[in-house]
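Hi,

Here is the structure I promised to pass on, so have it open while you read. My notes on what I found in it come right after.

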Amino acid sequence: MKGKGRPWSLGKKVGLPVVFLSCSVFFLAGFFGAMLLSQDISSFRPNSRTLESVDDEEYESMPHGYTGESSIDSIPFQVLSWAPRALYFPDFATANKCQRIIEMARANLKPSSLAYRKGENAENTKGIRTSSGTFISASEDETGTLDIIEQKIAKVTMIPWTHGEAFNILRYEVGQKYNSHYDVFNPAEYGPQKSQRIASFLLYLSDVEEGGETMFPFENGLNMDGGYDYKKCIGLKVKPRRGDGLLFYSVFPNGTIDQTSLHGSCPVIKGEKWVATKWIRDQEQDD
Ligand SMILES: *[C@@H]1O[C@H](CO)[C@@H](O)[C@H](O)[C@H]1NC(C)=O
């Protein structure tokens, strides 16, 4: 008896209505099951790793003003410090965009220059800043890459793009560095300023195998007793990662200089460091 029957055959005893009914049940189960599943998948979308905005269905956007935006943005960031005020933005730009910027800059690299204080010149400031770089404005970039990044920087700082200088694209090779300095020009040292750098946004265009960190030696008021050697790589260190952004403010909300915003670039030990810097001023830029 065993083994004789065909277990999966419906056999004679099962009538047509039963077949129809079970088919319908399976069809409906499959139909609704697929619907549920597809909903599930769409709500488990991975975080956006691109520059484009994510319209997060979790929030309902508000009616917006003429210069506003219709969608809700999700831009991840980490507060690195309140002294200085420093924010870190993972995956601010895609690897592709970073590479495009490097290629744009490579052909025009020149030794980076310094703004001189009284009594300073090329000779006696040699070795302070050893990178190569070039300035490129977003309008010069026909691919639109720099424009997208500029708009995004404006968004996260809420300072209009018109306050930004052209991008300074820098390359640091092994041994190259930038001694600790301020981006803001102290009038006591540099003379009166028509406009002032108030914030800096660094977009790391490459990973660096070893070294090349952005350092804040005075973070949280440390090492400020006067004995700090400006060449020394100490304090809060930010390791460059391709596509990530670092924003810090050089002045307090009341406009006075935040002494803890002193920063530098540790020497590259292994690999190469590429970074795009955007200095943001308190006045609109004319160029
Ligand atoms: C400006 O703000 C800083 C930080 O809050 C404060 O320490 C400083 O005394 C202020 N300076 C003036 C002139 O208001």
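Right after helix α3 comes methionine 158, and its phi is positive, near 55°. Keep in mind that this is a predicted model, so everything here is computed from it.

Let's stay with α3 for a bit. The helix has 13 residues and spans 19 Å from its first C-alpha to its last, close to the 18 Å expected at 1.5 Å a residue. Which of its residues are buried? They are Thr145, Leu146, Ile149, Glu150, Lys152 and Ile153. These residues cover an arc of only 165° around the axis, so they sit on the same side of α3. That buried set packs against α2, β4, β5, β7 and β14. As a whole, α3 (residues 145-157) lies across β2, β4, β5, β7, β11 and β14, and it runs at about 130° to β7.

Now zoom out. The protein has four helices and 14 strands, and 27% of its 287 residues count as buried. If you take contacts between residues at least 6 apart in sequence, 75% of them join residues at least 24 apart.

Several of the strands just mentioned belong to an open sheet of eight, with antiparallel pairing and the order β1-β2-β11-β7-β14-β5-β4-β3. At its edges stand β1 (78-82) and β3 (110-111); each has a single partner strand, so one side of each is left without a neighbour in the sheet. The partner of β1 is easy to find: β1 and β2 (residues 85-89) pair in the antiparallel sense over four bridges. Look there for tryptophan 82, which stands opposite arginine 85 in β2. Helix α2 (residues 95-106) also packs on this sheet, touching β4, β5 and β14, and its direction makes about 105° with that of β4.

There is another open sheet to look at, made of four strands in the order β6-β12-β9-β10, again with antiparallel pairing. Its edge strands are β6 (178-181) and β10 (236-238), each pairing on one side only. Ignoring direction, neighbouring strands in this sheet are turned by 15° against each other on average. Inside it, β9 (residues 214-216) and β12 (residues 263-265) pair in the antiparallel sense over two bridges. Methionine 215 has glycine 264 in β12 as its bridge partner.

Next, the nonpolar core. Nonpolar side chains tend to be buried together in soluble globular proteins. Here the largest nonpolar core has 40 residues, and the members touching the most others are Ile101, Phe201, Leu203, Leu205, Leu247, Val275 and Ala276. Strand β7 supplies the largest share of this core, six residues. If you want one residue to click on, try isoleucine 101: leaving out residues up to four places away in sequence, it touches Thr145, Leu146, Ile169, Leu205 and Ala276. Two of those names, Thr145 and Leu146, are among the buried residues of α3.

One last spot is glutamate 210, in strand β8 (residues 210-211). Is glutamate 210 buried, exposed or partly exposed? It is partly exposed, because 13 other C-beta atoms lie within 10 Å, and a residue would need 20 or more to count as buried. Beyond residues up to four places away in sequence, glutamate 210 touches Ile269, Lys270 and Gly271. With isoleucine 269, the C-alpha to C-alpha distance is 5.2 Å, although the two are 59 residues apart in sequence.

Cheers

Methods: Residues numbered from 1 in each chain as written. Predicted model: local features only at pLDDT ≥ 70, side-chain atom pairs only at ≥ 80, totals over all residues. Buried ≥ 20, exposed ≤ 12 C-beta atoms within 10 Å, placed from the backbone. Contact = placed C-beta atoms within 7 Å. Pairing = 2+ DSSP bridges. Axes fitted to C-alpha atoms, helices over the stretch in contact; angles between N-to-C directions. Expected span 1.5 Å × (residues − 1). Arc of directions from axis to C-beta. Core = buried A, V, L, I, M, F, W, Y, C linked by C-beta atoms within 7 Å.
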